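Please open the model in a viewer with the sequence panel visible. The tour below proceeds by selections, each followed by a note on what is found there.

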Amino acid sequence: MSKLKSPDETRDRPAPSRRQAGPGGRRPRKSTGLSPFGHGLVLGVCVGMTSALIIGVVGFLVTWPTGAAPTVAAPAADGQPAADRGAQAATGAKEQPAASIDVTAAHLGELQVRIEARVSTPGSYNPITKGQVVAYTDMVSMPMAHRQGPIVMTEVSGQPGTYQAVTRVPMVGEYNVTVEIQQPMASRADKRVDVQGVSKG
């Protein structure tokens, strides 16, 4: 038989199938990667983990423990600093008892005020001599605005344990007079006095 085929036989045989080429003559590739949603999900997870790591590092640095702030010693009600009382407790020393103070304040006329204090030991009421006694004046209606002191009080001759001082206040009004004994034992007392522009008689 002849290997040549007639044109009729060639026309009747179906042509071999070919895949249509894509645009530009390239064949379409099979999709092996992630979809756009998958890419977005992976990117979001990466960004979230990075942000969490940065926030954690910043929070750790901000909350890094520091040394405790020094404690400020506040003055005690009896006039003795808390640091001194703490030192006495550490050394086993007993706290000194408060002195007994009897304060009188009198308006002498104009704006002058005489302050007198009788200082004695508690219990026995023996006069405390050669002590360090000071006074302060402060206007009641305007606290700290016209405060004066420390005003040194001297012991009255012939009256052991009695200390006295004369001061001049800045204006008329009611004043609170505070007397403090600093040595040999700490204590304080207050007294009110009304200062007017005329003598109290």
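**A tour of the sheet**

Begin by selecting β2 and β5, which run antiparallel and are joined by seven bridges. Strands here are DSSP runs (E, at least two residues), numbered from the N terminus, and two strands pair if DSSP finds at least two bridges between them. The model is a predicted one, in which local features need pLDDT of at least 70, side-chain atom pairs count only at pLDDT 80 or more, and totals for chains, interfaces and linings use all residues. Residues are numbered from 1 along each chain as its sequence is written, and side-chain values use heavy atoms, with hydrogens and water left out.

Next, select E116 in β2: its bridge partner in β5 is Q164. Keep Q164 selected and add T154, which stands opposite Q164. This leads to the pairing of β4 (residues 148–155) with β5 (residues 162–168), antiparallel and built on two bridges.

Now return to β2 (residues 112–120) and display β1, its antiparallel partner over nine bridges. Within this pair, H107 has V113 of β2 as its bridge partner. Two residues lie between the strands of this hairpin, where E110 takes a positive phi near 55°.

Finally, display the whole sheet. In what order do the seven strands lie? The open sheet follows the order β1-β2-β5-β4-β3-β6-β7, with antiparallel pairing. At its edges are β1 (100–109) and β7 (187–195), each pairing on one side only. From one strand to the next, the twist averages 25°; the axes are lines fitted to C-alpha atoms, and angles run from 0 to 180 degrees between N-to-C directions.

Technical notes. Helices (H or I, at least four residues) and strands (E, at least two) are DSSP runs, numbered from the N terminus.
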